[in-house]
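Please explain how this structure is put together, beginning with what it means for a residue to be buried. I would like to be led from its helices to its rings and its unusual backbone positions.

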Amino acid sequence: MAPPAAEKPTFEKPLSLPIAPEELERINAYLRDQTPEDILAWAVEHIPGLFQTTAFGLTGLVAIDMLSKSTQNPPPLIFVDTLYHFPETYELVEDVKKQYSRDVAVYKPKDCETAADFEKKYGEKLWEEDETTYDYLVKVEPARRAYEELGVKAVITGRRASQGADRANLQPLEVDNTGLVKLNPLFAWTFPFVEWYVSSNKVPRNKLLDQGYRSIGDWHSTVKSGEGDTGERAGRWAGKKEKTECGLHVDYFKLKEEAEKKIAEKQATEAAQASTEPVTAAAVVEATA
């Protein structure tokens, strides 16, 4: 005689936020055994203030496609436009909007519409001069502004454990140190699974993937993967092996503090130069206090 089926756990609808640690573990114990489609369906039903943030990578595209088939009102899409994406990425955004009849909320660096605007404020090639500040200005600050303006409480991400580094121990549901809930519906899928789904379901994809690129970010820090380089994020942040995240999934408060301090120091230096007065340590300290 077969053992009785385990009773499906029940959860609040909607969940009360913030999620207590013991409740988060109970949720993950349930979600770890579910398919990505089931994880997404559960989240739409239970998580308040749910949005999807995406740079239109393959995993994010899979989630968009799955949601299009399971609900008439999928979570709204947010795209953080760094102003330095490849033309093919912007083309893909339009393809997704057309194929799925979706609107996309686009957030750019504050008070900037173009790369020229950004460089006028912060200088050329800031990503080379100060990568931390660059990540904060073009990705982290616009994302946090989107969350505040749109009432975002939780986001669907495209992160997967097989991408390694900080993502190796990824769980289906996480809460970061700001209280933002992060749903990782494809946390257990490998890259071949993602590719299979995209191909089988005719999901639109970035044309650069057919030109030797494997993981696509800003044009200035993305190169084609080299021979024998089989990592899932091969080609991202070329020459910077220690870098594995863009800033959106690291300690927000620490990154914000570091970036704002550097920005204030730079402004103090520029102000002193403009007034032809020499920059003193005291001036810098006063500006950053």
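A residue counts as buried when its relative accessible area is under 20%, and as exposed when that area is over 50%. The structure shown is a predicted model. With a relative accessible area of 2%, Phe 79 is buried because it falls below that limit. Phe 56 is buried too, at 3%.

These two residues bring us to the aromatic rings. Rings are paired here if their centres lie within 6.5 Å, and by this rule there are 17 aromatic pairs. One of them joins Phe 56 and Phe 79, whose ring centres are 5.4 Å apart and whose planes meet at 70°, an edge-to-face arrangement. The pair connects distant parts of the chain: Phe 56 belongs to the loop between β1 (50–53) and α3, while Phe 79 belongs to strand β2 (residues 77–80), 23 residues away. Another pair is formed by Trp 196 and Tyr 197, which is edge-to-face because the planes stand at 75°, with the ring centres 6.3 Å apart. Ring pairs also link Tyr 84, Phe 118, Tyr 122, Trp 127, Tyr 134 and Trp 219 into a cluster. A charge over a ring is found at Tyr 252, where the charged end of Arg 144 sits 4.7 Å from the ring centre.

Tyr 84, a member of the cluster, has its C-alpha atom 8.9 Å from that of Thr 114, although the two are 30 residues apart along the chain. Thr 114 is in the loop between β3 (104–107) and α5 (115–122). Its relative accessibility is 37%, so Thr 114 counts as partly exposed.

Next come two helices. Helix α4 (residues 87–100) has 14 residues, which at 1.5 Å a residue should span 20 Å; the C-alpha atoms at its ends are 20 Å apart, in agreement. Its buried residues are Thr 89, Leu 92, Val 93, Val 96 and Tyr 100. Seen down the axis, the buried residues of α4 fall within an arc of 105°, so they line one face of the helix. Among the elements covering them are α3 and β2. The face of α4 turned away from the buried side carries Pro 87 and Lys 98, which are exposed.

Helix α8 (residues 191–200) has Phe 191, Val 194, Tyr 197 and Val 198 buried. They share a side of α8 because they cover an arc of only 125° around its axis. They pack against α2 (36–46) and α3 (58–70). On the other side of α8, Pro 192, Trp 196 and Ser 199 are exposed. The edge-to-face pair of Trp 196 and Tyr 197 thus joins an exposed residue to a buried one, Tyr 197 having a relative accessible area of 5%.

The backbone remains. Most residues other than glycine have a negative phi, and most peptide bonds are trans. Several places depart from this. Ser 101, which follows α4, has a positive phi near 50°, and Lys 202, just after α8, has one of about 50°. Phe 56 is not a glycine, yet its phi is positive, about 65°. The phi of Lys 125 is positive as well, about 55°; this residue lies in the loop between α5 and α6 (126–129). Cis peptide bonds join Lys 13 to Pro 14, with omega about -5°, and Leu 17 to Pro 18, with omega about 0°. Pro 14 is in the segment before α1 (21–31), and Pro 18 is placed in the segment before α1.

Notes
Residues are numbered from 1 along each chain as its sequence is written. This is a predicted model: local features need pLDDT of at least 70, side-chain atom pairs count only at pLDDT 80 or more; totals for chains, interfaces and linings use all residues. Side-chain values use heavy atoms; hydrogens and water are left out. Buried means under 20% relative accessible area, exposed over 50%, partly exposed in between (1.4 Å probe, protein chains only). Helices (H or I, at least four residues) and strands (E, at least two) are DSSP runs, numbered from the N terminus. The arc is that of the directions from the helix axis to the C-beta atoms. Contact means heavy atoms within 4.5 Å. Rings of Phe, Tyr and Trp (its six-membered ring) pair if their centres lie within 6.5 Å; planes under 30 degrees apart count as stacked, over 60 as edge-to-face and the rest as tilted. A charge sits over a ring if NZ of Lys or CZ of Arg is within 6 Å of the ring centre and within 35 degrees of the ring normal. The expected span of a helix is 1.5 Å times one less than its number of residues.
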